[in-house]
Amino acid sequence: MAKAKTVFFCKECGFESAKWMGQCPGCKNWDTFVSEPVIKKTSGIRLATGLTAEPELLSKVSAEEEQRIITGIQELDRVLGGGIVIGSLVLVGGDPGIGKSTLLLQMCRELSGTGKKVLYISGEESLRQIKMRADRLGIFHGELFLLSETNLDQIEDIIKKQSPEIVIIDSIQTMFKEDIGAAPGSVSQVRETTAILMRIAKGLNISIFIVGHVTKEGVVAGPRVLEHMVDTVLYFEGENMASYRILRAVKNRFGSTNEIGVFEMRDIGLTEVSNPSEFMLQGKPEDEPGSVVTASMEGTRPILVEVQALVCQTNFNMPRRTAAGTDYNRVNLLMAVVEKRLGIQMAGMDAYINVAGGMKINEPALDLAIVLAILSSYKNFPLDSKTIVFGEIGLTGEVRAVNMIEQRVQEASKMGFHLCILPQVNKETINLSAIPGMKVIGVKNIREILNLLR
Ligand code: TYD
Ligand code: MG
């Protein structure tokens, strides 16, 4: 018998190649190629069932609003763009254990409670395990069907027989189609099964949610392989240690990708956090050196977070520097700018920077807050605790403009802050009429902020 042909796939992005490669040309990741047997290509996805497609005039195509199902979980509805679009395929990605199954089971609970017919298919947990989780989440009403199955042919039959309105597939990496030679979780299985689910969603007008684990190692295909196939891609993120979780849309054919939803993981499941700023500032110390509050934009939503710095004389040959929740290299760069432009000796200083609450912020608007926190700790001089700071810092020490200033200042005002230190350029354009009681100080260069610390 002839040797079975194999082909190589990148398990991160699905790039296909006849030979193994060290670096994937598609996503530039290293060591991501895995070999898989060649499979017979199935036909593409037919969107309209049974009809032969005819070209139609653009002006004649009906543009009715897509029909949506409101889940009742506001943070989720917003990220989806105003509810679940009927017949859409949604991928929910995230690290294992972050709470994807919990979120979707809670969504099922809301939906079945409002009379929707829901089918939750798990390839990872037994029915008993799902039931135990459900018991933690509260009382379920209505038609929520559970199925523990991984064979997609069977799943297809059951979906056709039961005709639910919403289906959850938890997770795509456990699903398999028998006539594909590769193991469940391989790039070919994950792609093929998703294509079939897409066909089911469009053909039968069922909204399908698929869970995809982000994989760090092993040969299991990550959810990025599927991103281009589905309508909507949501990622569920968070720190393992911190209890908050952020749901972010990275692709949405039916809405904006700027929205985020914030949740907190409790012992009774996920609860919505409608005021993330308040949540992030919990436990902030008053009048302590090294603590500065900034307003960071998460999509279109401003969130206030506290940046902390601890700067002290080093006991090592090489000073120690750490950055939690922000970019380590950026912190080093900002310390070099402080050293060079302000003439403050940072070379002999340890510096520990922390974005409190476990958020990860990488926007440049954070720069000014980091520098102020460093200087405040260095000089042992606290900033007024009702002050908020944001601005980007350039290599010559200039403070550069940031976007969405009104939103940031407004959020600060809502949270009881009354002084705002921002780039001078922004100060000149900001409209303060809607934000009474807020004092703003514009800075052009980091030299000016030294005056604020005495
Ligand atoms: P889970 O939804 O199983 O994660 P995923 O499907 O993304 O792998 O979430 C598992 C974690 O959430 C687990 O560590 C326990 C925790 N958890 C709670 O803290 N409270 C709860 O009510 C539930 C159901 C889970
Ligand atoms: Mg799970």
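**A buried helix and its surroundings**

The buried residues of helix H8 are Asp367, Leu368, Ala369, Ile370, Val371, Leu372, Ala373, Ile374, Leu375, Ser376, Ser377 and Tyr378. In this predicted model, H8 is thus mostly covered, with 12 of its 12 residues buried. The length of the helix can be checked with simple arithmetic: at 1.5 Å a residue, the 12 residues of H8 (residues 367-378) should span 16 Å, and the end C-alpha atoms are indeed 16 Å apart, which agrees. Just after H8 comes Asn380, with a positive phi of about 55°.

The loop between strand S18 (349-355) and H8 holds Gly357. This glycine counts as buried because it has 21 C-beta neighbours inside 10 Å, where 20 or more are needed. Leaving aside neighbours within four places in sequence, Gly357 is in contact with Ala242, Met280 and Val305. Leu76 lies 281 residues from Gly357 in sequence, and their C-alpha atoms are 21 Å apart in space.

It helps to step back to the whole chain. The protein has 454 residues, of which 41% count as buried, and it contains 11 helices and 23 strands. Along its principal axes, the C-alpha trace spans about 75 × 55 × 55 Å. Among contacts between residues at least 6 apart in sequence, 67% join residues at least 24 apart. The domain assignment gives domain 1 (1-38), domain 2 (68-274) and domain 3 (279-453). Taken over C-alpha atoms, the centres of domain 1 and domain 3 are separated by 45 Å.

In soluble globular proteins, nonpolar side chains tend to be buried together. Here, the largest nonpolar core has 65 residues, and the members that touch the most others are Leu104, Cys108, Tyr120, Val167, Ile169, Ile208 and Leu234. Both domain 1 and domain 2 give residues to this core, so it lies between them. Apart from it lies another core, of 50 residues, including Ile370, Leu372, Tyr378 and Ile421. Three of these names are already familiar, since Ile370, Leu372 and Tyr378 are among the buried residues of H8. Returning to the largest core, Ile208 touches Leu89, Val167, Ile169, Leu197, Ile200 and Ala201, when residues up to four places away in sequence are not counted.

Leu197, Ile200 and Ala201 are also among the buried residues of helix H5, together with Val187, Ser188, Gln189, Val190, Arg191, Glu192, Thr193, Thr194 and Met198. The elements that cover the buried residues of H5 include strand S1 (6-10), strand S3 (33-37), strand S6 (89-94), helix H4 (152-162), strand S9 (166-170) and strand S10 (207-213). H5 (residues 187-204) has 18 residues and reaches 26 Å from its first C-alpha to its last, close to the 26 Å expected at 1.5 Å a residue. The helix is followed by Asn205, whose phi is positive, near 60°.

Finally, the model includes a ligand. Ligand 1 is surrounded by 14 residues, and the closest are Gly99, Lys100, Ser101, Thr102 and Gly269. Helix H2 (100-113) and helix H3 (127-137) each supply at least two residues of this shell, and H2 gives the most, with three. By character, the shell around ligand 1 divides into four nonpolar, six polar and four charged residues.

Notes. Residues numbered from 1 in each chain as written. Chains lettered and ligands numbered in written order. Predicted model: local features only at pLDDT ≥ 70, side-chain atom pairs only at ≥ 80, totals over all residues. Core = buried A, V, L, I, M, F, W, Y, C linked by C-beta atoms within 7 Å. Domains from an automatic or database assignment. Contact = placed C-beta atoms within 7 Å. Near = placed C-beta within 6 Å. Helix = DSSP H or I, 4+ residues; strand = E, 2+ residues; numbered from the N terminus. Nonpolar A, V, L, I, M, F, W, Y, C, P; charged D, E, K, R; others polar. Expected span 1.5 Å × (residues − 1).
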